[in-house]
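I set out to record what I looked up in this structure, entry by entry. The interface comes before the individual residues.

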Amino acid sequence: MGILEDKGRARLFYKYLSKVYDQVNPFIWNEEMRAEALALLDIEQGDRVLDVGCGTGFGTEGLLQHTDNVHGIDQSIHQMQKAFQKFGKRDKVRFYRGDAERLPFKDDSFDVIWSSGSIEYWPNPVDALEEFRRVVKPGNEVLVVGPNYPKTTVMQKVADSIMLFYDEEEADRMFEEAGFEDIEHVMMGPSYDPDIAITTVARAPEK
Amino acid sequence: MKESLMDILCDPLDKSDLELEVDERDDDEILEGRLIGTETGEVYPIEDGIPNLLPPDMRDD
């Protein structure tokens with residue numbers, strides 16, 4: 001288990017990371033990548049969309065370009081303070097504190113579920129993905145962006161000790177185990193590192 | 001949180017219904033209060049309009 005997969009440590013880490021996160025973040029996940037990921041989904045105005053692990057609100061900001069019914073959930077209030085500054089606390093976005101693996105939403109509550117830069121901190125990613133499948137409407141899509149597994153041995157060692165990284169094969173396994181269908185992956189990244197992120201779109205089965 | 005969100009919220013532990021108790025509201029916006037699991041009895045506070053639906057084992061600050 002990576003050191004950040006312990007949720008207490010993840011919270012402490014994020015308390016400090018939140019101070020610099022949006023400055024650091026564009027190196028691995030920028031506006032171009034976000035737009036590319038959003039284009040994979042079919043979000044219509046008025047769709048109710050959930051951003052899991054919304055953090056400082058970078059993904060949330062992109063989702064708001066497509067619908068005005070965006071809900072953000074995160075375990076860390078420190079991360080969300082940044083999002084509150086951007087969108088207001090009770091204005092454009094509905095915010096909740098909660099756990100990705102135990103979502104506080106009823107079955108079939110959302111038209112789309114989005115999660116960018118959060119899966120690497122979930123101790124049990126399949127549990128969270130099962131929750132996504134439960135909470136998204138049957139036949140609808142979820143999108144998850146996470147770090148692609150590095151190709152060099154040194155970076156793999158770093159990756160394994162810090163957090164979850166995964167490749168297409170592992171993503172297939174996780175999404176299949178969670179009960180998804182039509183699982184597709186797109187590698188994304190800036191020109192100097194074009195496959196640093198793995199974006200997965202998958203569909204919940206019709207009931 | 002908006003009161004209408006009660007339509008989609010549930011207890012994160014067992015997905016049962018929640019009961020809303022309001023201490024302070026501004027129209028349909030609940031500012032202070034709590035959500036209580038109808039089966040678990042777990043209390044989830046609403047603080048400055050943000051419902052804290054973290055399971056009890058994850059709350060520490």
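The entries below concern the contact between the two chains and then two single residues.

**Entry 1: status of the model.** I note at the outset that this is a predicted model.

**Entry 2: extent of the interface.** I asked how many residues of chain A are in contact with chain B. I found 25 residues of chain A in contact with 26 residues of chain B. I then looked up the area buried between chain A and chain B, which is about 2,300 Å². Carbon and sulfur atoms give 57% of that area. On the side of chain A, I recorded A:Arg90, A:Arg97 and A:Arg102 as the residues that lose the most area to chain B. Together these three account for 32% of what that side buries.

**Entry 3: charged and polar pairs.** I counted five salt bridges between chain A and chain B. I examined the one that A:Lys89 forms with B:Asp48, where the closest N and O atoms are 2.7 Å apart. For polar contacts across the interface, I obtained 12 residue pairs, both residues being at pLDDT 80 or more.

**Entry 4: which elements of chain A take part.** I listed the elements that each supply at least two residues of the side of chain A that touches chain B: helices H1 (7–17), H5 (77–87) and H6 (125–135), and strand S3 (93–97). S3(A) gives the most, with four residues. I also sorted this side by class and obtained 12 charged, eight nonpolar and five polar residues.

**Entry 5: A:Asp74.** I located A:Asp74 in strand S2 (residues 69–74) of chain A. Which side chain of opposite charge is nearest to A:Asp74? It is A:Arg97, 7.2 Å away, and A:Asp74 has no salt bridge although it is buried. I did find the backbone nitrogen of A:Gly55 at 2.6 Å from a polar atom of the A:Asp74 side chain. Leaving aside neighbours within four places in sequence, the contacts of A:Asp74 include A:Gly53, A:Cys54, A:Gln79, A:Met80 and A:Tyr96.

**Entry 6: B:Leu35.** I placed B:Leu35 in strand S2 (residues 29–37) of chain B. Is B:Leu35 buried or exposed? B:Leu35 counts as buried because its relative accessibility is 0%. Not counting residues up to four places away in sequence, I noted among the residues it touches B:Met1, B:Met6, B:Leu9, B:Leu18, B:Leu20, B:Val43, B:Ile46 and B:Leu53. The list also holds B:Glu19 and B:Glu42. I last looked up B:Ser4, 31 residues from B:Leu35 along the chain; the two C-alpha atoms are separated by 13 Å.

How values were computed:
Residues numbered from 1 in each chain as written. Chains lettered and ligands numbered in written order. Predicted model: local features only at pLDDT ≥ 70, side-chain atom pairs only at ≥ 80, totals over all residues. Heavy atoms only, no water. Contact = heavy atoms within 4.5 Å. Buried area = accessible area lost by both parts, 1.4 Å probe. Salt bridge = Lys/Arg side-chain N within 4 Å of Asp/Glu carboxyl O. Polar contact = N/O pair within 3.5 Å; in protein donor to acceptor, adjacent residues only side chain to side chain. Nonpolar A, V, L, I, M, F, W, Y, C, P; charged D, E, K, R; others polar. Buried < 20%, exposed > 50% of the residue type's maximum accessible area, 1.4 Å probe, protein only. Lys, Arg positive; Asp, Glu negative; His and termini not counted.
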